[in-house]
2 protein chains.
Amino acid sequence: MSKPAWESRRVTIKDIAKAANVDPSTVTRALKDSPRVKPATREKIAGLAAEMGYVPNMAARTLVNRKSGLVGLVIPDMTNPFFRDLAKGIEDEAVKHDLRILINDTRGVESTEREAVNLFLALKVDGLIVPMARCTQQYYEELNAAVPVVHVNRDDTPHHVSCDTVEGSSLVMQHLFELGHSRIGFVRGPAGPGREPKMHAYRTALEARGIDYDPDLIFTFDGTLESSNAITGQLLELDEPPTAVFAHNDVNAIAMIHALRDRGVRVPDDISIAGHDDIQLAGCVDPPLTTVQWPMYELGQQSVRYLYSLGHGQDPREPQVPQPKLVIRESTGNPRVARQVPG
Amino acid sequence: MSKPAWESRRVTIKDIAKAANVDPSTVTRALKDSPRVKPATREKIAGLAAEMGYVPNMAARTLVNRKSGLVGLVIPDMTNPFFRDLAKGIEDEAVKHDLRILINDTRGVESTEREAVNLFLALKVDGLIVPMARCTQQYYEELNAAVPVVHVNRDDTPHHVSCDTVEGSSLVMQHLFELGHSRIGFVRGPAGPGREPKMHAYRTALEARGIDYDPDLIFTFDGTLESSNAITGQLLELDEPPTAVFAHNDVNAIAMIHALRDRGVRVPDDISIAGHDDIQLAGCVDPPLTTVQWPMYELGQQSVRYLYSLGHGQDPREPQVPQPKLVIRESTGNPRVARQVPG
DNA sequence: CGTGTAAATACAAACGTTTGTATTCTGTGA
DNA sequence: TCACAGAATACAAACGTTTGTATTTACACG
């Protein structure tokens with residue numbers, strides 16, 4: 001096996017300088033179009049750089065700049081289409097600010113999240129974007145001393161972009177009430193700090209209608225398919241199952257619809273299911289999902305802008321994102337006439 | 001607004017050295033448990049480092065080591081569960097080699113893929129793992145001169161880990177033949193280099209049975225939901241639609257099943273659908289999907305091992321991964337008795 | 001042909017770590 | 001008490017880039 005080519009030293013600015021018979025500093029300036037270098041020289045250097053296959057060394061750059069132009073994105077589950085749209089918004093906005101995005105999937109594990117954050121810290125990222133993190137608020141407040149951190153969809157932290165979670169969830173509850181439901185289940189997300197707005201909206205809506213809160217109707221979704229299946233099982237085993245369920249997100253809602261069908265329960269005839277997020281898939285499943293349209297792409301964009309302000313000592317303006325909207329499709333309907341439980 | 005805390009300089013090895021009254025080099029060695037430093041000093045330094053909240057500066061480290069301990073993972077669609085399992089295998093193996101994984105989602109766009117590669121190059125990654133890349137074989141051969149690159153599921157490149165694609169696809173074809181199908185559609189992946197093994201298996205299987213290859217039965221999936229819908233539409237508009245379809249992957253297969261149902265076509269009664277990959281969801285949809293079980297996790301592990309050997313000048317051993325297996329579920333069945341197309 | 005000025009470029013220090021080599025300890029045995 | 005080995009630590013250079021300052025060059029003007 002011949003000696004691998006990548007062991008040979010890569011071409012540096014000094015190599016180019018030597019080839020062009022100038023000082024390294026001139027090369028740097030030429031490469032970033034500084035007016036301090038004469039056009040002819042600039043072009044000669046640009047040509048040489050391309051020809052020699054120069055790749056800048058970010059490590060050296062980061063070292064002197066004390067920042068990398070990188071933004072770390074810490075997501076709990078890259079498989080959730082929600083994060084794809086978010087990431088898209090983030091990346092589109094990031095290029096405008098000359099920032100590059102690095103992704104780390106924590107798989108919903110808190111320790112992994114910490115490791116990811118540490119890696120990004122060591123990488124000297126300019127900022128962190130953390131949608132719905134697992135770690136505690138306190139952790140992030142401390143972290144915030146080290147690097148700008150903006151949260152998405154979480155409003156208990158110093159810096160966050162979000163839209164009206166309570167409003168979104170209230171719309172769902174109102175819709176279900178209007179259809180005639182009163183026994184409504186609620187699936188909350190992974191237990192943890194900063195995720196209570198949906199729950200809050202749920203309870204408030206119940207109260208406003210004078211309906212007692214029943215802890216039996218509360219389930220917890222951990223992001224996995226199994227979890228959705230398990231919830232579906234629990235739910236059907238109840239003496240008096242709910243006639244409608246407000247699911248934590250669309251992934252959960254869709255999985256539950258499948259699980260229900262497997263058990264011969266029809267949606268929405270036997271039970272209504274509403275989701276949250278309006279992922280692309282939501283309109284394509286059977287039945288199409290009633291859900292809350294959540295401006296993920298915009299949230300992504302705003303989080304970068306926010307981060308940018310933060311990193312430049314500006315007081316970030318309250319981000320403007322569209323209000324959540326209810327999208328009524330076919331997974332919700334009128335409840336069946338209540339069967340009286342015998343005895 | 002008070003001065004943001006993150007503008008203050010972070011604590012470096014020099015700060016620790018000063019605090020501990022030793023030389024920076026001693027701190028380095030203490031922090032990496034070198035036997036050259038006396039246990040008492042080591043502990044004192046470790047304590048100080050923790051107390052002062054020291055975070056190593058990877059840029060400086062990378063600069064002197066000329067490598068970062070990072071591995072870049074370039075994936076076309078992070079939403080495909082396939083890549084999640086792959087990434088899991090990669091990360092689990094990576095920690096064993098003290099490597100960290102960085103992900104970049106290219107959304108199937110070739111130019112984005114190039115940018116991602118360049119970013120990783122600038123970051124001085126130790127290697128690249130590239131499952132089913134969009135760029136040409138030639139590009140990667142050149143790239144391979146700069147950094148170790150291993151491909152997953154693609155066998156036209158210098159270094160790759162894969163398992164028997166032809167075998168996996170042949171199993172599907174054989175299964176469909178045995179059910180009595182002879183008019184079988186095939187959905188290929190995003191057009192591009194290095195993705196012909198499935199196609200090859202398809203055509204070979206057809207030939208072996210003496211069935212003519214019909215270009216009308218070949219469709220191209222670009223990874224999106226819309227694409228699956230469009231294919232479904234095209235397929236049904238055929239004068240003589242196929243009685244079975246071998247889909248490029250499970251995501252495609254599942255989307256097609258949905259699209260078919262929307263149009264009132266039943267699976268497998270009216271048409272059989274087989275997928276590829278056996279993602280977690282495959283067993284949970286309705287009907288459960290017949291598919292090829294693909295050892296994604298193992299491929300992930302092997303790709304890191306392979307990369308590691310490559311990076312250490314060892315001749316990498318041919319990776320051993322399980323053979324693909326056919327998983328027969330309910331989305332495939334006997335064809336309906338062939339309707340004769342009138343005159 | 002000087003002189004002044006602006007343009008173009010060179011110089012040098014710094015960023016935070018690592019590592020090979022040199023130096024200073026420490027304690028032992030004669 | 002001295003020399004010596006070995007342990008512990010200090011020194012210094014290097015990694016590739018950036019940037020403020022200094023130097024050289026070119027040119028126009030008197």
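Me: What makes the pair formed by A:Arg61 and a phosphate oxygen of DNA strand D a polar contact?

Reply: An N or O atom in the side chain of A:Arg61 is 2.9 Å from a phosphate oxygen of DNA strand D. A polar contact is a pair of N or O atoms within 3.5 Å (within protein, one must be able to donate a hydrogen and the other to accept it, and residues adjacent in sequence count only if both atoms are side-chain atoms), so this pair qualifies. Please keep in mind that this is a predicted model, in which local features need pLDDT of at least 70, side-chain atom pairs count only at pLDDT 80 or more, and totals for chains, interfaces and linings use all residues, while side-chain values use heavy atoms and leave out hydrogens and water. Residues are numbered from 1 along each chain as its sequence is written, and chains are lettered from A and ligands numbered from 1 in the order in which they are written.

Me: Which parts of DNA strand D do B:Ser25 and B:Thr41 approach?

Reply: B:Ser25 has a polar side-chain atom 2.9 Å from a base nitrogen of DNA strand D, whereas the polar side-chain atom of B:Thr41 lies 2.7 Å from a phosphate oxygen of that strand. Over the atoms of DNA strand D within 4 Å of the protein, 61% belong to sugar or phosphate, and the rest to bases.

Me: What makes a residue count as near DNA strand D, and which residues come nearest?

Reply: A residue is near a strand if one of its heavy atoms lies within 4 Å of it. There are 29 residues around DNA strand D, and A:Ile13, A:Arg36, A:Tyr54, B:Asp23 and B:Arg36 come nearest. Among the helices (DSSP runs of H or I, at least four residues, numbered from the N terminus), H4(A) gives the most to this surface, with 4 residues.

Me: How do you know that A:Asp23 is in polar contact with DNA strand C?

Reply: A polar backbone atom of A:Asp23 is 2.6 Å from a phosphate oxygen of DNA strand C, and that distance falls within the limit for a polar contact. The side chain of A:Arg66 has an N or O atom 3.4 Å from a phosphate oxygen of DNA strand C. Two or more residues of the surface near DNA strand C come from each of H2 and H4 of chain A and helix H1 (13-20), H2 and H4 of chain B, and H4(B) supplies the largest share, 4 residues.

Me: Why is A:Ser331 called buried?

Reply: Its relative accessibility is 0%, and buried means under 20% relative accessible area (exposed is over 50%, partly exposed in between, with a 1.4 Å probe and protein chains only), so A:Ser331 counts as buried. A:Ser331 is found in the segment after strand S11 (325-327) of chain A, and a polar atom of its side chain lies 2.8 Å from the backbone nitrogen of A:Thr290. Leaving aside neighbours within four places in sequence, A:Ser331 is in contact (heavy atoms within 4.5 Å) with residues including A:Ile257, A:Val267 and A:Pro287.

Me: Why is chain A called more spread out than a compact globule?

Reply: The secondary structure of chain A comes to 12 helices and 11 strands (runs of E, at least two residues). The radius of gyration of chain A, taken over C-alpha atoms, is 26 Å, well over the 20 Å that the globule rule (2.2 Å times the number of residues to the power 0.38) gives for 343 residues, so chain A is more spread out than a compact globule. The C-alpha atoms of chain A fill a box of roughly 95 × 55 × 35 Å along the principal axes, and 54% of the 343 residues count as buried.
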